[in-house]
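Biologist: I am new to this structure. Please take me through the largest cavity: what lines it, and which part gives the most to that lining?

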Amino acid sequence: MRTQIGIVGAGPAGLLLSHLLHLQGIESVVIESRGRKYIEERIRAGVLEQGTVDLLVESGVGARLKREGLIHHGIELRFNRRGHRINMHELTGGKAITIYAQHEVVKDLVAARLEAGGKIIFEASGVGVHGFDGASPTIRFQSEGQAGELHCDYIAGCDGFHGICRPSIPAGALTEFDRVYPFAWLGILAQAPPSSNELIYAYHERGFALLSMRSPEIGRLYLQVPHDEDINAWPDERIWGELQTRLAADGDWKLTEGPVLQKGITGMRSYVVEPMQYGKLFLAGDAAHIVPPTGAKGLNLAAADVRVLAQGFAEYYASGKTRVLEQYSRTCLRRVWKAQRFSWWMTSVLHRFDTENSFDQRRQIAELDYLTGSRAAMTSLAENYVGLPWD
Ligand SMILES: Cc1cc2nc3c(=O)[nH]c(=O)nc-3n(C[C@H](O)[C@H](O)[C@H](O)COP(=O)(O)OP(=O)(O)OC[C@H]3O[C@@H](n4cnc5c(N)ncnc54)[C@H](O)[C@@H]3O)c2cc1C
């Protein structure tokens with residue numbers, strides 16, 4: 001098989017790249033280790049920055065997003081049993097975030113690719129990338145019991161943090177920047193109408209909690225737990241009890257409970273690899289960087305990377321020039337590091353790092369008090385949360 005761009009991974013990065021390339025008349029094949037049903041049901045992120053929404057809409061895959069997405073103009077920070085609204089819309093000159101689950105974005109992109117005759121090879125095994133340091137980049141894999149070989153001009157490694165593309169780059173060519181946090185998020189999906197129209201980020205002496213949502217009927221809620229926590233130690237009643245405690249507020253606000261549809265624990269990590277390119281292999285999305293989910297940046301960074309990569313390939317096929325491709329890593333990393341800073345900062349402000357240390361607790365409360373009382377501080381949060389400019 002031969003194509004122009006071989007893409008490993010049908011997550012948001014790989015699918016969106018394939019779609020954007022198609023719009024430029026550039027051929028690609030996506031090779032994915034999981035089945036279509038699995039990737040279309042995988043529960044992950046759900047907060048889309050304004051720029052990500054605009055990109056999806058402008059590229060023609062935003063119809064359902066516009067119909068079903070929930071537009072939020074603000075978020076609430078809650079501490080000492082009181083809520084403080086950050087009016088992002090007003091502070092950013094009219095920007096907003098949209099709640100639309102990552103697996104819905106994936107469904108829309110898969111549908112668009114297949115409808116346009118795009119090729120996605122699902123359930124590929126033994127995927128390997130070869131020849132990307134020379135003139136013959138090749139992806140080898142097994143599909144339906146047959147060995148496959150995809151020859152291409154370039155390879156896009158969009159296979160997430162645990163994929164094979166990044167580890168295929170020779171040791172020593174990449175520098176890793178890594179921070180692992182001493183806690184994780186226990187997340188639930190619940191058949192319970194969200195008890196707030198907007199997200200609530202709660203700081204509590206027992207740890208962080210987040211009230212989020214996926215639709216007007218389905219709530220998504222999170223609790224800070226120790227990094228090595230066992231999910232079996234958290235029956236549903238314990239989860240709701242802890243959420244009730246950490247989200248409690250004075251007044252008549254109530255947290256509505258309901259059946260837990262899904263639950264899981266996700267570790268928290270900040271990670272960047274530099275550069276995001278080696279020879280004819282380009283890394284995008286989680287393959288190159290991951291953020292703790294507090295800033296809601298993971299999926300948005302993946303979209304930002306492939307937007308630049310698609311521009312680079314478009315320039316190359318239109319003119320033979322590689323100016324944008326050569327700058328790919330530098331262009332993306334500037335924005336990636338700003339999102340890393342913001343995600344780390346949100347995490348450090350809202351989580352208990354050392355439950356014994358009362359100095360830290362007082363300092364964090366003072367920071368939240370300052371943050372919610374200063375227009376300058378609120379503006380800084382708001383402009384990062386809705387998404388910094390692409391370029
Ligand atoms: C459990 C979990 C929960 C998360 N929750 C949030 C959240 O609440 N908010 C937030 O902002 N972010 C969250 N994130 C982060 C966000 O989902 C990611 O940043 C986003 O998925 C990045 O997209 P991607 O396409 O780069 O990678 P991925 O979505 O990981 O896609 C990579 C794709 O490559 C495939 N693949 C892997 N290895 C191979 C291989 N060898 N061969 C072929 N295909 C392969 C995978 O199956 C997958 O489909 C979460 C991440 C995880 C893991």
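Modeller: First, a definition for sorting the lining. Ala, Val, Leu, Ile, Met, Phe, Trp, Tyr, Cys and Pro count as nonpolar. Asp, Glu, Lys and Arg count as charged. The others, Gly among them, count as polar. Keep in mind that this is a predicted model.

Now the cavity itself. Rolling a probe the size of a water molecule over the atoms shows where empty space is left. The structure holds five cavities of 30 Å³ or more. About 70 Å³ is the volume of the largest.

Its lining is made of E49, K297, L301, R335, K338, A339, F342, N384, G387 and L388. Helix 10 spans residues 323-350. This helix gives the most to the lining, with four residues.

Sort the lining by the classes above. Four residues are nonpolar. Four are charged. Two are polar. L301, A339, F342 and L388 fall in the nonpolar class. E49, K297, R335 and K338 are the charged ones. N384 and G387 make up the polar pair.

For a view of another part, turn to a sheet. Three strands form an open sheet in the order 9-10-11, and their pairing is antiparallel. Strand 9 (125-130) and strand 11 (146-151) are the edge strands, each pairing on one side only. From one strand to the next, the twist averages 15 degrees. Strand 10 covers residues 138-143, and four bridges join strand 9 to it. Within that antiparallel pair, V129 stands opposite I139 of strand 10.

Technical notes. Residues numbered from 1 in each chain as written. Predicted model: local features only at pLDDT ≥ 70, side-chain atom pairs only at ≥ 80, totals over all residues. Heavy atoms only, no water. Pairing = 2+ DSSP bridges. Helix = DSSP H or I, 4+ residues; strand = E, 2+ residues; numbered from the N terminus. Axes fitted to C-alpha atoms, helices over the stretch in contact; angles between N-to-C directions. 1 Å grid on protein atoms, 1.4 Å probe; cavity = no way out; pocket = protein on both sides within 12 Å on 5 of 7 lines; lining within 4 Å. Points joined across faces, edges and corners; volume = space filled by probe spheres on them.
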